[in-house]
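Please find below a colleague's note on the structure shown. The points begin with one chain as a whole and then turn to two individual residues.

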Amino acid sequence: MAAAYVQAQKVDTSGTSGGITITLTAGNNVYVWVRAGGTVTPSLSDLLGNTYNPVARDGSNNWPLAPDVDTDTVGVYEALNVLGGATTITISTGSSVTQRHVAVEFSGLTTSTAVDKAALTDNQATTTPTSGVTASRTQADEMLMGCISSSGTSPVFTAGSGFTKALAETTKSAVEWQVVSITGTDAGTWTMGTPDPGGAGNVTICAITTLKAGSGAANNQIAWIKA
Amino acid sequence: MAFTPTSIPIPGRTVQVSPPPTVFGPVPIPNGASRADFRVDRTQFLDPASTVQGVMEVSQDSGSTWKAEGAFGDHGGIPASDPHDPPITDFYMLGINLGDPANNNRRARLTLTVTGSAFVTSGGSVTLT
């Protein structure tokens with residue numbers, strides 16, 4: 001089975017937690033692009049009992065980069081092989097901050113260690129921010145998930161070439177996706193109608209995470225060759 | 001004809017601890033609207049020992065059934081705003097998906113469940129786009 005985008009839902013609010021309502025299909029993977037307006041350590045859970053682990057966070061995990069020039073917390077959290085049904089994904093931050101999160105459901109991904117490569121870059125005062133380029137993927141069939149978070153007041157996000165913007169975004173964050181089938185390196189690119197103003201405390205964070213398709217994709221390819 | 005964005009006021013009231021929840025709305029959604037921004041003043045919700053759970057709900061059948069479209073939790077006090085953004089003075093939920101724009105029977109509401117101390121809100125608005 002090839003990797004595919006299923007849906008996206010979001011929450012754009014403030015408080016010590018934000019809740020995304022979503023109806024999940026059993027067996028899929030869910031990725032939550034977390035953007036909290038402060039220095040916090042988010043924890044995620046849902047009503048179905050799925051487990052969400054951070055697979056990439058600024059300053060740790062797969063993005064061991066210099067601290068951001070602002071105080072936002074961003075990260076990608078993953079739930080593999082989810083239990084299906086209607087649920088609310090709750091992002092808890094402890095401190096009361098802005099909560100701008102996007103959850104994306106994908107099908108056809110491997111249900112163990114799906115994250116392959118990742119990159120993150122802080123951009124300032126540009127209308128064409130980028131995640132930077134990943135190392136080469138370990139397999140051809142993957143899903144690219146690009147994420148953006150801007151401290152601009154009205155950023156207006158447009159997905160980069162080859163990407164499709166997920167159908168849910170907040171006032172300051174969004175997700176894009178792309179299915180790839182040849183090996184290579186990748187970068188998440190965006191166009192912004194209004195850039196962040198630059199200077200102290202202003203930043204547009206772009207990230208990319210590549211996600212491995214399940215072994216079914218290879219099986220499908222073999223069947224096609226035989227035909 | 002394209003939908004003209006509009007704002008519907010929400011009257012002020014006391015948010016009681018009991019019986020929960022306090023319901024703001026329902027607000028009828030005019031044809032053509034696809035998104036809503038819901039805001040209710042929180043400047044008097046200041047007791048740090050108090051908590052609030054907010055749920056934004058949309059009905060497609062004139063209020064017979066409701067579906068949650070987002071939620072938040074908080075304690076009393078004013079949340080930290082993003083750098084360079086204005087202070088946060090409202091409970092808010094932005095960009096709520098209202099469903100089928102041709103459905104005459106849509107409604108939206110915000111429910112607040114509070115523990116601790118009741119407080120007074122000056123109300124707010126639902127902005128439809």
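1. Chain B exposes about 5900 Å² (Shrake-Rupley method with a 1.4 Å probe; for residues, only the protein chains shown count as cover). Carbon and sulfur atoms supply 56% of that area. Buried residues (under 20% relative accessible area, 1.4 Å probe, protein chains only) make up 42% of the 129 residues in chain B.

2. This is a predicted model, in which local features need pLDDT of at least 70 and side-chain atom pairs count only at pLDDT 80 or more, while totals for chains, interfaces and linings use all residues. Residues are numbered from 1 along each chain as its sequence is written, chains are lettered from A and ligands numbered from 1 in the order in which they are written, and side-chain values use heavy atoms, with hydrogens and water left out.

3. The secondary structure of chain B comprises 10 strands and 0 helices (DSSP runs numbered from the N terminus: strands are E, at least two residues; helices are H or I, at least four). Of the contacts (heavy atoms within 4.5 Å) in chain B between residues at least 6 apart in sequence, 81% join residues at least 24 apart.

4. The C-alpha trace of chain B spans about 45 × 40 × 20 Å along its principal axes. Its radius of gyration, taken over C-alpha atoms, is 15 Å, which agrees with the value near 14 Å for a compact globule of 129 residues (2.2 Å times the number of residues to the power 0.38).

5. A:Lys172 lies in the loop between strand S12 (164-165) and strand S13 (173-180) of chain A. Is this residue, A:Lys172, buried or exposed? A:Lys172 is buried, because its relative accessible area is 3%. Its side chain makes a polar contact of 2.5 Å (N or O atoms within 3.5 Å; within protein, one able to donate a hydrogen and the other to accept it, with residues adjacent in sequence counted only if both atoms are side-chain atoms) with that of B:Asp85. Residues up to four places away in sequence aside, A:Lys172 also touches others, including A:Arg35, A:Arg100 and B:Asp82.

6. A:Gln99 belongs to strand S7 (residues 85-107) of chain A and counts as buried, because its relative accessibility is 0%. Its side chain reaches the backbone oxygen of A:Gly15 at 2.9 Å, and a polar contact of 2.9 Å joins it to the side chain of A:Thr93. The C-alpha atoms of A:Gln99 and A:Val11 are separated by 7.1 Å, although these residues are 88 residues apart along the chain.

Note on methods: Buried means under 20% relative accessible area, exposed over 50%, partly exposed in between (1.4 Å probe, protein chains only).
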